[in-house]
Amino acid sequence: MTQVTYERGQVGFGIDIGGSGIKGAPADIRAGELAAKRFRVPTPAESTPEAVANCLAQVLDHFEVPQQTAVGITFPGIIQHGVVLSSANLHKSWIGTDLADLVRRTTGHHATIVNDADAAGYAEVRYGAARGQDGVVLVLTLGTGIGSALINDGRLVPNTELGHLEIDGYDAETRAASSVKDREGLSYEEWAVRLQRYFEVVEYLFSPDLFVVGGGVSKDHEKFIPLLKTRAPIVPAALRNQAGIIGAAALADRDF
């Protein structure tokens, strides 16, 4: 294990909870990059709060994270004041769980809890594709569903859940997520028609100055972003699968 010196304003720690894996690493919050290789443990098949909390403890113990270090943790659901309000990919018993309190009781660490798309979006604005952009930035992650992060002049507006907008009678992500493209065997051109409709509605509602597109499909951005027509520019995300950890660490350092 790489030895890391943790210091507020310089190096923090982030953990990204996912449906298949729980990944953590120290993050250089000055440069916006990982300070050591990520450590991953599989998400338990019975992904209850207690089981996942034990995995969080494993990750923190692996890096010997000091108690005074700011720790940021992402969760794939709605988070309000550290409490989980939705849980699509983990055990339903998460709903109503105070994750910040659970982390404190299980590990002794103070933790800032944030929605996973919000953490990734914040990282893109502070360090990545939207760095230096004034005004409203909308980060959309296209994957199993559609995640969203809305940032105005560097301040995160949490839990927008714009993948669940109802558009033309459908939950938007059931028509336009990249998983739907794969499941239905759509070409990029066919999928772009659905994305275009989604972006039109979102742009009308929020008038962003910039769109940032993340998710695994963003690596193929040249195949579909040029097919989309919006007033605001659209650019691919820069930080890829490190964004959640980096964003969580940065938000925790800010709030610690």
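In this predicted model, helix H6, which covers residues 188–206, has a set of buried residues made up of Tyr188, Trp191, Ala192, Arg194, Leu195, Gln196, Tyr198, Phe199, Val201, Val202 and Glu203. The length of the helix can be checked with a simple calculation: because each residue should add 1.5 Å, the 19 residues of H6 should span 27 Å, and this agrees with the 25 Å that separates its end C-alpha atoms. Just after H6 comes Ser207, where phi takes a positive value of about 45 degrees.

From the helix we can turn to strand E9, which consists of residues 136–142 and is mostly covered, since six of its seven residues are buried. Strand E9 is joined by seven bridges to strand E10, residues 146–152, and these two strands run antiparallel, with Thr141 standing opposite Gly147 in E10. The connection between E9 and E10 is a hairpin of three residues. Strand E9 also pairs with strand E14, residues 210–214, but here the sense is parallel and there are five bridges; in this pairing Val137 stands opposite Leu210 in E14.

A last stop is Thr43, which lies in the loop between strand E4 (39–42) and helix H1 (49–62). Is Thr43 buried or exposed? Its relative accessibility is 10%, and because buried means under 20%, Thr43 counts as buried. The side chain of Thr43 reaches the backbone oxygen of Gly18 at 2.7 Å. If its neighbours within four places in sequence are left aside, Thr43 is in contact with Gly18, Gly19, Ser20, Gly21, Ile22 and Leu90.

How values were computed. Residues numbered from 1 in each chain as written. Predicted model: local features only at pLDDT ≥ 70, side-chain atom pairs only at ≥ 80, totals over all residues. Heavy atoms only, no water. Buried < 20%, exposed > 50% of the residue type's maximum accessible area, 1.4 Å probe, protein only. Helix = DSSP H or I, 4+ residues; strand = E, 2+ residues; numbered from the N terminus. Pairing = 2+ DSSP bridges. Expected span 1.5 Å × (residues − 1). Polar contact = N/O pair within 3.5 Å; in protein donor to acceptor, adjacent residues only side chain to side chain. Contact = heavy atoms within 4.5 Å.
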